[in-house]
Amino acid sequence: PQSVPQQPELPEQEAEAVEPVEQDEKVESEEFAEQDELAPFVDGSLGTKPWVRFMAITRDKKLMIGVVIILLAIISWSIFSGNKRRKERIVSEKAAATAQIVDQKLADAKEIAPLELSQALASLESATEEVRDLQEFAASQKVEDPKEVADLQAKIDAAARSFKKQDEITATEYYDLDLIDKDASATRMSIEGDVVALLDGNRGQVYTVAGEKKASVQYKDAAIKGATAVFISSEKLYVLQPDKGIYVFEQETKPTLPIKTDEWGAIKDIAVFNGNVYMFDSTKPDVYKYLVAEEGFSAKQSYFKEGEVPKAFSDGTSMMIDGSLYVATPTRILRYLSGGVSPITLSPPEEMKMDDIYTTSDLDDIYILDRSHDKIFVFSKDGTYKKQITSSVISESDDFGVLSDKTILLLTANKVYKL
């Protein structure tokens, strides 16, 4: 039998070399397929492994840049925060030193306030300057609104209110004219005891409100339309109608006209004391006096002694009588007694504009209304400052007065408020 020739066996080393070549080609083909989506434009003849290495290096660079940026941000923030804390610490140290100075000035002011209020307030102003300096220093360090500034200023303000005897009062309603008539309103007010008279010149009416129950009475007459002032005394109502004279209402009867106009100028105010009628004429200038008589009143005469008529009345705002006669001007109070000057000096703790004045023989004090500062200043009748009252309704008031129990009333159109 013929023998079948056998093919020679390949050397063992060559046989082993064939298999890896086929496997490498398969792996490379798979890698190229994976990278094909990322880089379709890459020439396959260049091979894919360099491209993969390039992508890896690029990703590493981006990562490195990101890390560097983050580190720079952290370092910058650390520097900024450290600088801010350093400035805040410097301001805090300055504030502690300022607090010691302010406390000393407050202690000095408190000691002298009972005897020399103006000096005490000057010491408070000096303390305020120290706080302003602190605030400016903080601003230079770019530290905004340090808490110490507000705290120190609040302490100074509290001391000022205490030294000035300043009371802040919320006004409450005393009477609403809507209870009488929904169209009622008033521009002037007068008080006797617990009776309040309210003038509605536009409608020719006067309303009175009395007692705790606020019992009301209406006085109405066309003759008093255009009336500009009212005064209540001994249960009689005196109403000024500038073109006609002074009407008098008594016990709800028709009004009489006992005082007729007599070459008057601008009558700013009227008052009644011991039955006599006084009229403040700011343009003549003069205060006219009409003495009560058996049948009405005497002829007009000047309150002042011959040669003592003041010339400072042109800017006068109001008048009151308690035995002495007071005329208020925006900058001072003029006081007269028996026709002659009776000087009085008022020393308020701060700027005061005198829009109106109120006092009576039954009151121990003089009350000054200052609308521009929302305040009422209270002085004894020798001019000694006693206290001040603040309330937001003061600036809106048309007139004011004081009850016998020292309750302050403020008239605002159709409502009366109390303090």
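## Chatting through sheets, cores and two aspartates

Colleague: Hi! I'm looking at Arg188. Which residue stands opposite Arg188 in β4?
Modeller: Hi! The partner in β4 across from Arg188 is Leu199. Do keep in mind that this is a predicted model.

Colleague: Noted. How many bridges join β3 to β4?
Modeller: There are 5 bridges between β3 and strand β4 (residues 195-200), and the two run antiparallel.

Colleague: And what is the strand order in that open sheet?
Modeller: The order is β3-β4-β5-β6, so 4 strands with antiparallel pairing. The edge positions belong to β3 (188-192) and β6 (215-220); each has a single partner strand, so one side of each has no neighbour in the sheet. From one strand to the next, the twist averages 20 degrees.

Colleague: Nice. On to the sheet with β7. Which strands stand at its edges?
Modeller: That one is also an open sheet of 4 strands, ordered β7-β8-β9-β10 with antiparallel pairing. Its edges are β7 (229-233) and β10 (256-260), each left with one side free because each has a single partner strand. On average, neighbouring strands here are turned by 25 degrees against each other, direction ignored.

Colleague: What does Ala229 stand opposite in β8?
Modeller: Ala229 faces Leu240 there. Over 5 bridges, β7 pairs in the antiparallel sense with strand β8 (residues 236-241).

Colleague: Changing topic: which residues have the most contacts inside the largest nonpolar core?
Modeller: Leu124, Phe163, Leu198, Ile333, Tyr367, Ile368 and Ile376, in a core of 62 residues. Helix α3 (residues 117-140) gives the most to this core, namely 7 residues. There is also a second, separate core of 30 residues, which includes Trp264, Phe273, Val287 and Val327.

Colleague: What is Ile333 in contact with, neighbours within four places in sequence aside?
Modeller: Tyr326, Val327, Ala328, Ile344, Leu346, Met354, Ile357 and Ile368. Two of those names came up a moment ago: Ile368 is listed for the largest core, while Val327 is listed for the second one.

Colleague: Back to α3. How far apart are its end C-alpha atoms?
Modeller: They are 35 Å apart; at 1.5 Å a residue, the 24 residues should span 34 Å, so the two values agree.

Colleague: Which residues of α3 are buried?
Modeller: Leu117, Ala120, Leu121, Ser123, Leu124, Ala127, Thr128, Val131, Leu134 and Ala138. After the helix comes Lys142, whose phi is positive, near 60 degrees.

Colleague: Last topic, the aspartates. Is Asp355 buried or exposed?
Modeller: Asp355 has a relative accessible area of 16%, and the cut-off for buried is under 20%, so Asp355 counts as buried. Asp355 sits in the loop between β20 (340-341) and β21 (356-358). Beyond four places in sequence, Asp355 touches Thr317, Leu369, Asp370, Arg371 and Ser372.

Colleague: And where does Asp398 lie?
Modeller: In the loop between β24 (385-390) and β25 (399-402). Asp398 is partly exposed, at a relative accessible area of 37%.

Colleague: What does Asp398 touch, not counting residues up to four places away in sequence?
Modeller: Ala186, Thr187, Arg371, Leu411, Thr412 and Ala413. Arg371 is also among the residues touched by Asp355.

Colleague: How far apart in space are Asp398 and Thr412?
Modeller: C-alpha to C-alpha, 5.5 Å, with the pair 14 residues apart in sequence.

Colleague: What does the side chain of Asp398 reach at 3.0 Å?
Modeller: The backbone nitrogen of Ala413.

Definitions and conventions
Residues numbered from 1 in each chain as written. Predicted model: local features only at pLDDT ≥ 70, side-chain atom pairs only at ≥ 80, totals over all residues. Heavy atoms only, no water. Buried < 20%, exposed > 50% of the residue type's maximum accessible area, 1.4 Å probe, protein only. Contact = heavy atoms within 4.5 Å. Core = buried A, V, L, I, M, F, W, Y, C linked by side-chain atoms within 4.5 Å. Polar contact = N/O pair within 3.5 Å; in protein donor to acceptor, adjacent residues only side chain to side chain. Pairing = 2+ DSSP bridges. Axes fitted to C-alpha atoms, helices over the stretch in contact; angles between N-to-C directions. Expected span 1.5 Å × (residues − 1).
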